Amino acid sequence: MNASDDIQLFVKNCISFEQEKRPKMNEIMLFIGEQLNKKLKESFNERKTKEMLQYFYEFVFFKFKYSNNILETAKSLFV
C-alpha cells in the first residue's frame, strides 16, 4: 500500500469487525482534515499554501452558505 502508516492504521480501524474500534463520523472528518493539513504543509511553499488555504476557505464558505438553500429547494420538489 502506498499510504502513510497513519492512514493505513486508520483504514484498518475503519474496517474493524469490532464496532467500538471503528471511528465515528466526526473522528473521520477530523482525521481527514489533519491529513490534508499535513499534506499541504509538506507539499507547498508558503505562497502556494496561502493560495490553497484561500481556495479551501472559499470552498467551505460557499458549500455551507449555499448547501442549505440547495437542500431546501430539493426537499420542496419532493414534498
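Which residues form a nonpolar patch on the surface? Ile 7, Val 11 and Ile 15 do, and the views below start from the whole chain before coming back to them.

**View 1. The whole predicted chain is built from three helices and zero strands.** This is a predicted model, so please read every close-up with that in mind. Starting at the N terminus, the elements follow one another as α-α-α. The protein chain has 79 residues, and 9% of them count as buried. About 7500 Å² of the chain is exposed, with carbon and sulfur atoms supplying 62% of that area.

**View 2. Confidence in the prediction varies between the helices.** Averaged over the protein chain, pLDDT is 77, and 68% of the residues score at least 70. Helix H1 has the highest confidence, at a mean of 90. Helix H3, which covers residues 46-78, has the lowest, at a mean of 70.

**View 3. Three nonpolar side chains make up a patch on the surface.** Together, Ile 7, Val 11 and Ile 15 offer about 250 Å² of accessible area. Val 11 sits in helix H1, which spans residues 5-14. Is Val 11 buried or exposed? The answer falls in between: Val 11 counts as partly exposed, because its relative accessibility is 37%.

**View 4. Two phenylalanines stack between helix H1 and helix H2.** A search of the whole structure finds one aromatic pair, and its partners are Phe 10 and Phe 31. Their ring centres are 3.9 Å apart and their planes differ by 5 degrees, which makes the pair stacked. Phe 10 belongs to helix H1 and Phe 31 to helix H2 (residues 25-43), so the pair ties together parts that are 21 residues apart in sequence. Both rings belong to buried residues: Phe 10 has a relative accessible area of 15%, and Phe 31 has a relative accessibility of 14%. Each value is under 20%, the cut-off for calling a residue buried.

**View 5. Glu 27 touches one of the stacked phenylalanines and an arginine.** Glu 27 is found in helix H2. Leaving aside residues up to four places away in sequence, Glu 27 touches Phe 10 and Arg 22. With a relative accessibility of 40%, Glu 27 counts as partly exposed.

**View 6. Ser 16 is a buried residue in the loop between H1 and H2.** How much of Ser 16 is accessible, and does that make it buried or exposed? Ser 16 is buried, because its relative accessible area is 14%. Once residues up to four places away in sequence are set aside, Ser 16 touches Lys 21 and Arg 22. Arg 22 is thus a contact of Ser 16 and also of Glu 27.

**View 7. Lys 21 and Glu 18 meet in a salt bridge.** The count comes to one salt bridge, and here it is: the side chains of Lys 21 and Glu 18 are 3.7 Å apart, N to O. That distance is within the 4 Å allowed for a salt bridge. Both partners are partly exposed, Lys 21 with a relative accessible area of 49% and Glu 18 with a relative accessibility of 38%. Lys 21 also touches Ser 16, the buried loop residue of the previous view.

**View 8. Gln 35 is a buried residue of helix H2.** The relative accessible area of Gln 35 is 18%, so this residue counts as buried. What does Gln 35 touch, not counting residues up to four places away in sequence? Its contacts are Ser 4, Asp 6 and Ile 7. Ile 7 is a familiar name here, as one of the residues in the nonpolar patch of View 3.

**View 9. Leu 53 and Asn 37 give a reference distance between two C-alpha atoms.** Leu 53 lies in helix H3, the helix with the lowest confidence in the protein chain. The two residues are 16 residues apart along the chain, and their C-alpha atoms are separated by 9.4 Å. Leu 53 counts as partly exposed, at 42% relative accessibility.

Notes. Residues are numbered from 1 along each chain as its sequence is written. This is a predicted model: local features need pLDDT of at least 70, side-chain atom pairs count only at pLDDT 80 or more; totals for chains, interfaces and linings use all residues. Side-chain values use heavy atoms; hydrogens and water are left out. Patches are made of residues with over 30% relative accessible area and no salt bridge: like charges are joined within 9 Å, nonpolar side chains (Val, Leu, Ile, Met, Phe, Trp, Tyr) within 5 Å. Accessible areas come from the Shrake-Rupley method with a 1.4 Å probe; for residues, only the protein chains shown count as cover. Helices (H or I, at least four residues) and strands (E, at least two) are DSSP runs, numbered from the N terminus. Buried means under 20% relative accessible area, exposed over 50%, partly exposed in between (1.4 Å probe, protein chains only). Rings of Phe, Tyr and Trp (its six-membered ring) pair if their centres lie within 6.5 Å; planes under 30 degrees apart count as stacked, over 60 as edge-to-face and the rest as tilted. Contact means heavy atoms within 4.5 Å. pLDDT is the predictor's confidence in each residue, from 0 to 100.
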